[in-house]
Amino acid sequence: VGTMGSEIYEIENLGIKKDPAVRRHMSGHYKDELWAVAAHPKNPMLASSAGDDGTVRLWNLETHTMENSFDGGKRNLYRARAFHKDGSTLAVGQGGRLGGTRGKKSAKGAMILKVSDMTETGSGKAKKWVQVVRYSPDGNYLAVGSHDNKTYIYDANRMGKNAKHK
């Protein structure tokens, strides 16, 4: 079975067993543009991607398969990403417009995802869309570069917990 989401599934025993075997053979980004790719700092076989389909994906480069994903919904466009130096978290920049200047607007800011299960652990806001995110060399701060001509500096350990940018 092929889907509009660029996925291909194989379904065995459909109609024969109560719970047919389902295997995903392919998955990918499927809407408009892919904006961000980042290599894992500790595991050379892992990389992450994100884009206009509202998903952040973690890929196994050896098996060519998607390991895990975060679905932020149709309202979110992801433009930037960076792994923490220990590889445990992934910062993601949000914003922009789908379909150019008259398209739908996205949430603006940055969020941090836990790589092990792709759950959101923190977030911060920006006034316009975010083009770049980078952790400091020690991993304690997250710099967020926005199209409002500002760089927001967040405490990466407290982001989303009453954190304010500096």
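How many bridges join E5 to strand E6, and in which direction do the two strands run? In the predicted model, six bridges link E5 to E6 (residues 65-71), and the two strands run antiparallel. This pairing is described below together with the overall composition of the protein, the neighbouring strand E4, and several loop residues.

The protein contains 15 strands and zero helices. Of its 166 residues, 42% are buried. Among contacts between residues at least 6 apart in sequence, 35% join residues at least 24 apart. The exposed surface amounts to about 9700 Å², of which carbon and sulfur atoms supply 51%.

Strand E5 spans residues 55-60 and is mostly covered, with six of its six residues buried. The burial extends to both faces of the strand. One side carries Thr55, Arg57 and Trp59, while the other carries Val56, Leu58 and Asn60, and all of these residues are buried. Strand E5 also pairs with E4 (residues 46-51), through five bridges and in antiparallel orientation. The position of Trp59 illustrates both pairings: Ala47 stands opposite Trp59, and in E6 the bridge partner of Trp59 is Met66.

Each of these two pairings is closed by a hairpin. The hairpin of E4 and E5 has three residues between the strands, and Gly54 there adopts a positive phi near 80 degrees. In the hairpin formed by E5 and E6, four residues separate the strands, and the turn residue His64 has a positive phi of about 60 degrees.

Positive phi values also occur in two further loop residues. Met118, which is not a glycine, has a positive phi of about 55 degrees. This residue is located in the loop between strand E11 (109-114) and strand E12 (119-125). Its relative accessible area is 3%, and Met118 is therefore classed as buried, the cut-off being under 20%. Asn149, likewise a residue other than glycine, has a positive phi near 65 degrees and is placed in the loop between E14 and E15. With a relative accessibility of 76%, Asn149 counts as exposed because the value is over 50%.

The loop that holds Asn149 also contains Asp148, between strand E14 (141-146) and strand E15 (151-155). Asp148 is buried but takes part in no salt bridge. The nearest side chain of opposite charge belongs to Lys150, at 5.3 Å; a salt bridge requires a side-chain nitrogen within 4 Å of a carboxyl oxygen, so the pair does not qualify. Asp148 does, however, make polar contacts through its side chain. One of these, at 2.3 Å, is with the side chain of Tyr152, and another, at 3.0 Å, is with the side chain of Ser146. Beyond its neighbours within four places in sequence, Asp148 is in contact with Ala126, Lys127 and Lys128.

Ser146, the partner of Asp148 in the 3.0 Å side-chain contact, belongs to strand E14. At 9% relative accessibility, Ser146 counts as buried, since the value is under 20%. A polar atom of the Ser146 side chain lies 3.0 Å from the backbone oxygen of Lys128. When residues up to four places away in sequence are not counted, Ser146 touches Ala126, Lys127, Lys128, Trp129, Val130 and Tyr152. Ala126, Lys127 and Lys128 are thus contacted by Ser146 and also by Asp148, while Tyr152 touches Ser146 and forms a polar contact with the side chain of Asp148.

A further loop residue, Glu33, is found between strand E2 (21-26) and strand E3 (34-39). Its relative accessibility of 45% falls between the limits of 20% and 50%, so Glu33 is classed as partly exposed. Glu33 and Asp52 are separated by 19 residues in sequence, with a C-alpha to C-alpha distance of 5.5 Å. Leaving aside residues up to four places away in sequence, Glu33 touches Gly51 and Asp52. Of these, Gly51 lies within the residue range of strand E4 (46-51), the strand that runs antiparallel to E5.

How values were computed. Residues numbered from 1 in each chain as written. Predicted model: local features only at pLDDT ≥ 70, side-chain atom pairs only at ≥ 80, totals over all residues. Heavy atoms only, no water. Buried < 20%, exposed > 50% of the residue type's maximum accessible area, 1.4 Å probe, protein only. Contact = heavy atoms within 4.5 Å. Areas by Shrake-Rupley, 256 points an atom, 1.4 Å probe, with all protein chains shown as cover. Lys, Arg positive; Asp, Glu negative; His and termini not counted. Polar contact = N/O pair within 3.5 Å; in protein donor to acceptor, adjacent residues only side chain to side chain. Pairing = 2+ DSSP bridges.
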